[in-house]
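Hi,

Here is the structure I promised to pass on. Please open it alongside this note, and I will go through what turned up.

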Amino acid sequence: MRWWDIEPVLALERDLFPEDAWSPGMFWSELAHARGPRATRRYVVAESRGGGKIVGYAGLAAAGGLGDVQTIAAARDQWGTGLGSRLLTDLLQHATAFECEEVLLEVRVDNTRAQKLYERFGFEPIGFRRGYYQPGNVDALVMRFRAQDADEADGTETAGTENHG
């Protein structure tokens, strides 16, 4: 994601999350930490084939061995196409590059579609944040992915791992 992607991302953000959409300043602030040798963020966009229209985006923050999925979204006409999986795969690959041992995320308790995606990737529920999504006062389910658990599941070994969310 680059600065010129912010406006189309905001349009998608407002469509998908009308009550609690991010502001332009939130995206600008995140992108300020996404470039250079000291980058602590990874933000990506997905474009439609041929048209170049932004149909999805995702962001990850990383620090001290901990990663946090800040945002992930796919346009409604992309649901069921695997776009969410591709975006999440990118974030988890970059979490590894950032040496994150653990990745956390928050998801609305009423968003079972997203929860199922995260579970397929090995995220496990670890708690709730009451009234996290405002102004609707909707609770968030906190989920955690541990790189060590994923490595053990696929039969590989990793030296020392930690996590955050």
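Thr71 touches Glu13, Trp22, Tyr43, Tyr57, Ala58, Gly59 and Leu91, leaving aside residues up to four places away in sequence. This comes from a predicted model, so please read everything below in that light. Thr71 itself lies in strand β3. Is Thr71 buried or exposed? Its relative accessible area is 8%, and because the cut-off for buried is under 20%, Thr71 counts as buried.

Two of those contacts lead on to other features. Trp22 and Tyr57, both touched by Thr71, are linked with Phe27 into a cluster by ring pairs. Leu91, also touched by Thr71, is one of the buried residues of helix α3.

Now to that helix. Helix α3 covers residues 83–97, and at 1.5 Å a residue its 15 residues should span 21 Å. The C-alpha atoms at its ends are 21 Å apart, which agrees with that expectation. Which residues of α3 are buried? They are Leu83, Gly84, Leu87, Leu88, Asp90, Leu91, Leu92 and Ala95. It helps to remember that an α-helix has 3.6 residues a turn, so residues three or four places apart point the same way. The buried residues of α3 pack against the strands β1 (41–47), β2 (54–63), β3 (66–74), β4 (102–108) and β6 (138–146), and against helix α4 (112–120). After α3 comes Glu99, which has a positive phi, near 60°.

Next, the aromatic rings. How many aromatic pairs does a search of the whole structure find? The search finds six. One of them joins Phe123 and Phe145, with 5.4 Å centre to centre and 40° between the planes, a tilted arrangement. Phe123 is in the loop between α4 and β5 (124–133), while Phe145 is in strand β6, so this pair ties together parts that are 22 residues apart in sequence. Phe123 and Phe145 are both buried.

Tyr132 and Tyr133 make another pair: their ring centres are 5.0 Å apart and their planes stand at 85°, so the pair is edge-to-face. The two differ in exposure, since Tyr132 is partly exposed at 39% relative accessible area, whereas Tyr133, at 16%, counts as buried. Tyr133 also has a charged neighbour in Arg108, which lies over the face of the ring at 5.7 Å from its centre.

Happy to talk any of this through over coffee.

Best wishes

Technical notes: Residues are numbered from 1 along each chain as its sequence is written. This is a predicted model: local features need pLDDT of at least 70, side-chain atom pairs count only at pLDDT 80 or more; totals for chains, interfaces and linings use all residues. Side-chain values use heavy atoms; hydrogens and water are left out. Helices (H or I, at least four residues) and strands (E, at least two) are DSSP runs, numbered from the N terminus. The expected span of a helix is 1.5 Å times one less than its number of residues. Buried means under 20% relative accessible area, exposed over 50%, partly exposed in between (1.4 Å probe, protein chains only). Contact means heavy atoms within 4.5 Å. Rings of Phe, Tyr and Trp (its six-membered ring) pair if their centres lie within 6.5 Å; planes under 30 degrees apart count as stacked, over 60 as edge-to-face and the rest as tilted. A charge sits over a ring if NZ of Lys or CZ of Arg is within 6 Å of the ring centre and within 35 degrees of the ring normal.
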